[in-house]
Amino acid sequence: MPDTDNELLHTLQTTFGYPAFRRLQREIIEATLAGRDTFALLPTGGGKSLCFQLPALVRPGLTVVVSPLIALMKDQVDQLQAAGVAATFLNSSLGEAEARSRLAGLHRGEWRLLYVAPERLLLDGWAENLKAWNITAIAIDEAHCVSEWGHDFRPEYRQLTKIRDLLPGVPVMALTATATERVRADIITHLRLHEPALFVASFNRPNLTYRVLAKDEPSKQILDFIHKRPDECGIVYCASRAATERVAESLAKRGLPARAYHAGLTPAERSENQELFLRDEVRIICATIAFGMGINKPNVRWVIHHDLPKNIEGYYQETGRAGRDSLPADCLLLFSGGDAAKQTHFIDEMTDEHERNVARAQLRLMTHYAESSACRRRELLAYFGETFPFDHCGACDNCLEPRDTYDGTLVAQKFLSCVYRIREAGRFGVGVNHLTEVLTGADTEKIRRWGHEQLSTYGIGKELSRPQWAAVGRELMRLGHVAQSTGEFPVLELTESGLTVLRARAPITLTRPMDTPKARKVLRREGDIACDEILFARLRELRKKLADERRVPAYVIFGDATLRQMAREYPATEAAMHGIFGLGEKKHAEFATTFATAIRTFLETNPRMAFTE
């Protein structure tokens, strides 16, 4: 362990160029340096990687980082090497000669960090390597992959427990950005963490804004959204491979640089499209959920969900790919009841009953989020067991543009009464689709078979369409007046509060469903760094030129936050570059003169701008 806290801060500043630790980073680092097993849950963009990278520089020996994706390994190693850190990776992308060279370097003790996939650690013959390399720490990134309750379960992660037997005295750190309490417990159990130091940060991403729109001509909605954000990078998530191709083609026809990414492409095609996106050659990726977990691109400024995600955990993870640099970013979900119905159809085709029930419950929560009139941020945090301390977040559509409410007493009475009458008549409940058919007076075989055309509630709701009645039903579920059973054929039941409301004819206020979208203002974006936008654009061009020469993504040179600070403070000399965010000693030596010269040249023909806090 370092002699003083100053050594940690000194390493943070000189190697990584960061002025201070983010929340919990120092505590996590101190725990692992003290030799303790550690569990760390930090949101995407919260600085997880630093928690194992910095300790690797201040203690002797090798830190092994288990990572699930080749792209993520290369990305992080590129950034570490750019900062002057002796880091490498071993995976199937390397040729035989290069792999042997890196293995030899490991035996000579040349590296401080080794990134490796879980399968490789378990290969025959690797036990001797692991014992010979003076491994002093193991970091398991994306640790939620170990849990079958996580949104991205990977069976090979379960085998990592064997490492504890090979290296019993080596501290293990498990890190994730997304895990419910059940998944956290699973991680600790399956990785055999011994009395771990537990660190759980807030799930809140204050730099993200959240919006849900009723899906209507989605291609036009996406175009309108993107046109308001020129030059910004983003991801459009789609539910199917065909949709990714269709959306990417639609955008490309309109002159927007977009590519598709899905499992149906060849490995070469996926690799090329991902690389073009990482290097800012293509600024829009239209992708299935196959894209993203290993993407460390910090300047993704927006994420659109073209289709309804399967669960909130996946949605949170996917929106979390925006704004990893802590600068403002926007998240848009296009919602339609039809998407929910499609998902339900796919769920019904699952063969395992337990999986079906879990998937149905997760989809109900996702639909609840999409239709809710409450603060989006509050709803997301509540899913993960966290309470947002305010009623109004100031950065979601429901807080900034609340939907209209109306006196829903009459329609609520009709819906609740129909649930009651059906149960009373047949001693069994029905699903929401059948209930809406009864309310709207449909003539179906089931209605005739069960005699529901004889009910007093038959046809009393013709003023609304079936989808509108279904939306009323979902809101009554959210309010706790109606419950839906689990199982293969979920049915509706009145809760105690629903019975009370029905009998007392208590007034109920409902929220109007999302309308077909009208022109709306862009939500305000908290935390942006005001700067000279013309100079910022020039510095971005310079950054891309330098990155292309080195064949690395632009953010390996500098992140947007670094360029924005330069475009705000105009550091026109090498000395003035000291203290710029993200400018460690190696990057200062390599790039300070180049960027200072560019700023001096800019100032010869452009005035300085003044900025207020």
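**Entry 1: α19 and α22**

I looked up the contact of helix α19 with helix α22 in this predicted model. On the α19 side I found Val-411, Ala-412, Lys-414, Phe-415 and Leu-416, which meet Trp-469, Gly-473 and Leu-476 of α22. By class, I recorded six nonpolar residues, one polar and one charged in this contact. Helix α19 covers residues 409-426 and helix α22 covers residues 466-478. Their axes come within 10 Å and cross at roughly 85°. Angles of 65 to 115 degrees count as roughly perpendicular, and I therefore entered α19 and α22 as roughly perpendicular to each other.

**Entry 2: α16 and α17**

I then turned to helix α16, residues 353-371, and helix α17, residues 376-383. The axes of these two helices come within 10 Å, and I noted a crossing angle of roughly 160°. Since an angle over 145 degrees counts as roughly antiparallel, α16 and α17 are described as roughly antiparallel to each other. I noted the crossing of α16 and α17 as right-handed. From α16, the residues in contact are Leu-365, His-368, Tyr-369 and Ala-370; from α17, they are Arg-376, Glu-379, Leu-380 and Tyr-383. I classed the residues of this contact as five nonpolar, one polar and two charged.

**Entry 3: the sheet**

Next I traced the strand order. I found an open sheet of seven strands, ordered β3-β4-β2-β5-β6-β1-β7, with parallel pairing. Strands β3 (87-90) and β7 form the edges, and each of them pairs on one side only. I recorded an average twist of 15° from one strand to the next.

**Entry 4: β3 and the helices on the sheet**

At the β3 edge, I counted four bridges to β4, with the two strands paired in the parallel sense. Phe-89 stands opposite Tyr-115 of β4. I checked both faces of β3 and found each one covered. Ala-87 and Phe-89 are buried on one side, and Thr-88 and Leu-90 are buried on the other.

I also looked for helices on this part of the sheet. Helix α4 (residues 70-82) lies across β3 and β4 (113-116) and runs at about 160° to β3. Helix α5 (residues 96-107) packs on the sheet as well, where I found it touching β2 (62-66), β3 and β4. The direction of α5 makes about 130° with that of β3.

**Entry 5: β1, β6 and β7**

I moved to the other edge. Strand β7 (residues 197-200) has a covered face, made of Ala-197 and Phe-199. Its uncovered face holds Leu-198 and Val-200. I noted that β7 pairs with strand β1 (residues 38-41) in the parallel sense over four bridges, and that Leu-41 stands opposite Val-200 of β7.

I next followed β1 to strand β6 (residues 172-176), which it joins through four bridges, the two running parallel. In β6, I identified Leu-175 as the bridge partner of Ala-40.

**Entry 6: Lys-220**

Finally, I looked up a single residue, Lys-220, which I located in helix α11 (residues 218-227). Its relative accessible area is 47%. Partly exposed residues lie between the 20% and 50% limits, so Lys-220 is entered as partly exposed. I also checked Lys-220 against Leu-251: the two are 31 residues apart in sequence, and their C-alpha atoms are 9.8 Å apart in space.

Terms used: Residues numbered from 1 in each chain as written. Predicted model: local features only at pLDDT ≥ 70, side-chain atom pairs only at ≥ 80, totals over all residues. Heavy atoms only, no water. Axes fitted to C-alpha atoms, helices over the stretch in contact; angles between N-to-C directions. Parallel < 35°, antiparallel > 145°, perpendicular 65-115°, else oblique. Left-handed = near helix turned anticlockwise from the far one by under 90°. Contact = heavy atoms within 4.5 Å. Nonpolar A, V, L, I, M, F, W, Y, C, P; charged D, E, K, R; others polar. Buried < 20%, exposed > 50% of the residue type's maximum accessible area, 1.4 Å probe, protein only. Pairing = 2+ DSSP bridges.
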